[in-house]
Amino acid sequence: MKGLRIKPTEADDIPAVMAIQKASYSCGYQEGQAVSLSILREFPQGCNFAFFDGKPAGYIFAHPWLKGEPRPLFLSQWSLPASPDCFYIHDVAVHPDMRSKGIAAALLEFSEGIARSLGLNTICLTAVQDSHTHWGKYKFETCRRLEYGGMVSYYMQKKL
């Protein structure tokens, strides 16, 4: 896609990640720098940042995990499971000014490639802020409704 560049997230990108997070999520889902840095430390290859026409546009933070287990919010001390069976998208956001440009789809496709390279054939996520219909467009299926961050959310998965 013309104008889009995806690169590995670095610690210097975290302030831009926080700005996109603040513009994209209600207060109940804004996790802060410590959480983003912890994912970056544990699984840096799952943390990717998108620029569109040279401007910060979006990000994705994903890692190997366990099917059926939403990764808790606000958790900055954790480790990867010994025997993961899915690739979990913990956080993905596109700045509101950059939406409808295919950025989320490109970040998802990039993460699917990582999952495949690890031999993981399922991607899971917890859809917040009524985004489950959006994720359905990418062939994610709702597994269950749950409370996440104190609000109604949907645990979803997609077979690769």
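Start by selecting L146 and look across to the next strand: L146 stands opposite S153 in β7. Keep in mind as you click around that this is a predicted model.

**The hairpin**

Now colour the two strands you just touched. Strand β6 covers residues 141-148, and seven bridges join it to β7 in an antiparallel arrangement. Follow the chain from one strand into the other and you'll go round a hairpin with two residues between β6 and β7. Click on G149 in that turn: its phi is positive, about 65°.

**The other side of β7**

Stay on β7, residues 151-159, and look at its other partner, β5, residues 122-127. These two strands are antiparallel as well, paired over six bridges. Want two spots to check? Select T126 and you'll find Y155 of β7 as its bridge partner. Then select I123, which stands opposite K158 in β7.

Keep I123 selected, because it also takes you onward: I123 in β5 is the bridge partner of F87.

**Stepping over to β4**

F87 brings you to the pairing of β4 with β5, which is parallel and has three bridges. Strands of a sheet pair through backbone hydrogen bonds, either parallel or antiparallel, and you can find both kinds here, since the sheet has mixed pairing.

Is β4 mostly covered or mostly open? Select the whole strand and show the surface: nine of its nine residues are buried, so β4 is mostly covered.

Next, go from β4 to β3. Eight bridges join this antiparallel pair. One place to look is G58, whose bridge partner in β4 is V94.

**Zoom out: the whole sheet**

Show all the strands together. What order do they come in? Reading across the open sheet of seven strands, you get β1-β2-β3-β4-β5-β7-β6. At the edges sit β1 (4-8) and β6, each pairing on one side only. Turn the view so that you look across the strands, and you'll see the twist, which averages 25° from one strand to the next.

**A helix on the sheet**

Now select helix α2, residues 33-42. α2 lies across β2, β3 and β4, and runs at about 60° to β3. Which residues of α2 are buried? Highlight V35, S36, S38, I39 and L40. Their cover includes α1, β2 (47-52), β3 (55-65) and β4 (86-94).

Pick out S36 from that group. At 4% relative accessibility, S36 counts as buried, because the cut-off is under 20%. Leaving aside neighbours within four places in sequence, S36 is in contact with I14, V17, M18 and F61.

**Two helices crossing**

Add helix α1, residues 14-24, to the view. The axes of α1 and α2 come within 10 Å and cross at roughly 125°, so the two helices are oblique to each other. Their crossing is right-handed. To see who makes the contact, select I14, V17 and M18 of α1, then Q33, S36, L37 and L40 of α2. By class, that contact has five nonpolar, two polar and no charged residues.

**Last stop: a loop**

Finish at G54, in the loop between β2 and β3. Is G54 buried or exposed? With a relative accessible area of 64%, G54 is exposed. Draw a distance line from the C-alpha of G54 to the C-alpha of R145: the two atoms are separated by 38 Å, and the residues are 91 apart along the chain.

Terms used. Residues are numbered from 1 along each chain as its sequence is written. This is a predicted model: local features need pLDDT of at least 70, side-chain atom pairs count only at pLDDT 80 or more; totals for chains, interfaces and linings use all residues. Side-chain values use heavy atoms; hydrogens and water are left out. Two strands pair if DSSP finds at least two bridges between them. Helices (H or I, at least four residues) and strands (E, at least two) are DSSP runs, numbered from the N terminus. Axes are lines fitted to C-alpha atoms, for helices over the stretch in contact, and angles run from 0 to 180 degrees between N-to-C directions. Angles under 35 degrees count as roughly parallel, over 145 as roughly antiparallel, 65 to 115 as roughly perpendicular and the rest as oblique. A crossing is left-handed if the near helix is turned anticlockwise from the far one by less than a right angle, and right-handed if clockwise. Contact means heavy atoms within 4.5 Å. Ala, Val, Leu, Ile, Met, Phe, Trp, Tyr, Cys and Pro count as nonpolar, Asp, Glu, Lys and Arg as charged, and the others, Gly among them, as polar. Buried means under 20% relative accessible area, exposed over 50%, partly exposed in between (1.4 Å probe, protein chains only).
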